[in-house]
Amino acid sequence: MKFKQLLVILVTIPNIAFSQSVTISTPRTELIVNATPGKTLQHVYYGTRLNPSDEKLLTDIDGAKIDRFESQGLMNAYPAYGLDCPNEVAFACKHSDGNMSTDLIVDKVTTSSDVNATLTTISLKDRKYPLIVDVFYKAYSDADVIETWTSISHKEKKPITLTQFSSAFLPIRRGDVWLSSFYGSWANEARLVEEPLTQGEKVIYNRDGIRNSHTAHSEVMFSLDGKPQELNGRVIGAALCYSGNYKLRVETGDTEYHKFFAGINEDFSYYTLMPNETFVTPALALTYSNEGKSGVSRNIHSWARKYKIANGNTERRILLNSWEGVYFDINQEGMDQMMGDIASMGGELFVMDDGWFGDKYPRNIDTSSLGDWVVDSRKLPKGIEGLLADAKKHGIQFGIWIEPEMANTTSELYEKHPDWVIKAPQRDLVLGRGGTQVVLDLSNPEVQDFVFSIVDNLMAKYPEIAYIKWDANMSIMNHGSQYLPSDKQNHLFIEYHRGFSKVCERIRAKYPTLTIQACASGGGRANYGVLPYFDEFWVSDNTDALQRIFMQWGTSMFFPALTMASHISASPNHQTHRLVSLKYRADVAMSGRLGMEIQPKNMTEDEKIFCKKAIADYKRIRPIVQFGNIYRLLSPYDNKGAASLMYVNDEKSKAVFYWWRTETFCNQHMPRVLMAGLNPDRIYTIHELNRIDKQPLSYEGKSFSGKYLMEVGLEIPYTHNTDWPLQSSWSSRILLIE
Ligand code: DGJ
């Protein structure tokens, strides 16, 4: 997101050599660096906001500490390679004369502000070479997040080669620091893993080329006070805002600090920087909270809704997606029937997924047609117009699936433009999904125009389209651009994502309110590199409610509920084949952006009535879920038999509490969950949603103080009191608290 134009202050602090401490602050956090001209930039502090006298003391005392560590390069806020070879660095380059060393010192400090943020720019220059590295810190005035990144430029006579170019470096004081990170794979995204940081190096990276959050995530938390807790303890959160390959490194060596570096993954991507060219690294968003991991999540969610998610302040619609209902079996009548069904249950939008396109090559399975974005008139004789008319008839909106960055070798596009695909020179193509999928080369401006035109043509012809599901189902398998010159082949991964961002910028400039979902074989694009252009993402191709609790739990650490597409699907589930009660499926889906992914004509009337009621209730709680503050209460990863979380609105006047049983054994002992985030002095009334029990809960309609709910808590029955045919091993509850 661009720094706003409205500058109210622009200050350049004079270049005089006295010790100069620079404080970069948000309402509750601050980062202090020492930016003394002629010296290396020093990291001094990051954490809670300090009062001025403590801050002064800290910076005075830290002067001595810096001296002690300076020889190790430890507190250098942006360490460069060459004069401290044994240590990890943020930056390394080979100068045009072959010199491998860089020696960066502070040149000047500049600040500028607008209503939302203050941007501090610390210009570093090499002591001997005309190389400039600007370190940026953007501190928000109404969100506890500091974004930091760099730009690199030079005036050497010939190109230089960048071999390391982290966005940021942060030293974290050792003690009992734990790392929370997210790993996974297709259909099992965002699994939370927590570990103490020990000696050696922890590297979290991605090399997919296209999708970057299947196997790992570019967001991490550091709990500074031992084993991570949700509601207590000091925690630093960091999210790299990048859509492409990334690398996060945490080096723990023989010093008092863990050294955290984050940025683009330089593997196979060393960068040839021309004189006067500027290389900008993606931002690392940092936050700090002394209210545990949930505190970090709340900070990030609030910043993201305001600044980092397309239409982040707009309620998301309740939709039915056709994929698991009909897969490729798209036809006019079928779409009309699904639209009618979701409309009758109170849904607001229908999304036609894969399978609607292809003329010469119809898209009946995944082996053909990507690139040929024309309606298959055999399946849809009335075209998109017919579908839009159906949507209008049912009083809902219409959305459509595309996979614009891709083609199949069996496609008219590939026949016309084999030169547009990513391919290693002299090699046969390694093909993706369906044995025929290829990736279009977004480093090529002509390809960028083509990808933009896919959305632009659809929207020009059918302006009523309200939603696009933008899929991406292949990695960059072949290293080779047919567009980039031979001496820039190393730029492929970076240029791809520059091209991708350019296309997204153009789309957003022209269609700012169009809802766009980032899907990438499920949750491959959950990151803050794409979210400025996308309203939400598909959390996973796995819609099994139980496994979703684990995946959505991990995802919620950095992403607010309104970004997490969460759908009620069929039972048995299509991925795990698990039989799960409809109530449980609904209770899980209603903790994210609710949708459905099911063939409604296979549902019973009772099931439809249940969903209609659930949708109506979701509309009631939607502002709390989508804009509220998250408090995770009982983690599914702790294996206590249940999981629980809640959302509380800003005023603390309304909350929604979720409780899901995650395993079922007779006479099992489970904890009584204490609520959080409420006003202790306020009186709240409890009302259960999606009730299936014959009798209401004993506390239905009763009122309790926030203090009671947070310090005593409510006893949640482990099972449901239903007639025998409705009995199942699944139990869950949603309580509206207001
Ligand atoms: C992968 C996505 O994740 C699915 O939801 C679906 O859209 C398919 N692609 C369609 O091919």
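# A walk through the predicted model

Ser 369 sits in the loop between β22 and α5, and it makes a good starting point for a tour of this predicted model. The phi of Ser 369 is near 85°, a positive value in a residue that is not glycine. Most residues other than glycine have a negative phi, and most peptide bonds are trans. With a relative accessible area of 0%, Ser 369 counts as buried, because buried means under 20%.

From that loop we can step into the helix that follows it. Helix α5 covers residues 383–394, twelve residues in all, and spans 17 Å from its first C-alpha to its last, close to the expected 16 Å. Several of its residues are buried: Gly 383, Ile 384, Gly 386, Leu 387, Leu 388, Asp 390 and Ala 391. What lies over them? The cover includes α4 (332–344), β22 (349–352), β23 (397–402) and β26. Just past the helix, Gly 395 takes a positive phi of about 75°.

Strand β26, part of that cover, brings us to the aromatic rings. The structure holds 29 aromatic pairs. Let us begin with Tyr 78 and Phe 91, whose ring centres are 6.4 Å apart and whose planes meet at 40°, so the pair is tilted. This pair links distant parts of the chain, with Tyr 78 in the loop between α1 (52–70) and β5 (91–94) and Phe 91 in strand β5, 13 residues apart. Are these two residues buried or exposed? Tyr 78 has 2% relative accessibility and counts as buried, and Phe 91, at 0%, counts as buried too.

Now compare the arrangement of Trp 470 and Phe 534, an aromatic pair that is edge-to-face, with 5.8 Å from centre to centre and 85° between the planes. Trp 470 lies in strand β26 (residues 465–470), while Phe 534 lies in the loop between β27 (515–518) and β28 (536–538), so the pair ties together parts that are 64 residues apart in sequence. Both Trp 470 and Phe 534 are buried. Rings can also gather in groups: ring pairs link Trp 303, Tyr 528, Phe 537 and Phe 559 into a cluster.

Rings have charged partners here as well. The charged end of Arg 173 sits over the ring of Tyr 257, at 5.8 Å from the ring centre. In another such arrangement, the charged end of Arg 506 sits over the ring of Phe 452, 4.2 Å from its centre.

Next, look at some places where the backbone stands out. Ala 190, found in strand β12 (residues 188–196), has a phi near 55°, a positive value in a residue other than glycine. Ala 190 is buried, with a relative accessible area of 1%. Further along the chain, a cis peptide bond joins Ser 571 and Pro 572, with omega at about 0°. Pro 572 belongs to the loop between β29 (564–569) and α10.

Another loop residue worth a visit is Asn 212, placed between β13 (200–205) and β14 (219–223). Asn 212 is buried, with a relative accessible area of 1%. Which residues does Asn 212 touch, leaving aside its neighbours within four places in sequence? Its contacts are Asn 206, Tyr 242, Ser 243, Gly 244, Tyr 246, Gly 524 and Asn 527.

Finally, turn to the empty spaces. There are eight cavities of 30 Å³ or more. The largest cavity holds about 100 Å³ of space and is lined by 14 residues, with Ala 77, Tyr 137, Thr 148, Ala 168 and Phe 169 nearest its centre. Strands β3 (29–34), β8 (131–140), β10 (160–173) and β20 (284–289) each supply at least two residues of this lining. Which strand gives the most to the lining of the largest cavity? That is β10, with four residues.

The second largest pocket contains about 720 Å³ of space. Its lining is made of 33 residues, of which Ser 581, Leu 582, Lys 583, Ile 692 and Leu 726 lie nearest its centre. Helices α10 (582–589) and α11 (605–627) each supply at least two residues of the lining of this pocket, and the largest share, five residues, comes from α11.

Note on methods:
Residues are numbered from 1 along each chain as its sequence is written. This is a predicted model: local features need pLDDT of at least 70, side-chain atom pairs count only at pLDDT 80 or more; totals for chains, interfaces and linings use all residues. Side-chain values use heavy atoms; hydrogens and water are left out. Rings of Phe, Tyr and Trp (its six-membered ring) pair if their centres lie within 6.5 Å; planes under 30 degrees apart count as stacked, over 60 as edge-to-face and the rest as tilted. Buried means under 20% relative accessible area, exposed over 50%, partly exposed in between (1.4 Å probe, protein chains only). A charge sits over a ring if NZ of Lys or CZ of Arg is within 6 Å of the ring centre and within 35 degrees of the ring normal. The expected span of a helix is 1.5 Å times one less than its number of residues. Contact means heavy atoms within 4.5 Å. On a 1 Å grid over the protein atoms alone, a cavity is a set of points where a 1.4 Å probe fits but cannot get out, and a pocket is an open set with protein on both sides within 12 Å along at least five of seven lines; lining residues have an atom within 4 Å of a point. Grid points are joined across faces, edges and corners, and a volume is the space filled by probe spheres set on the points.
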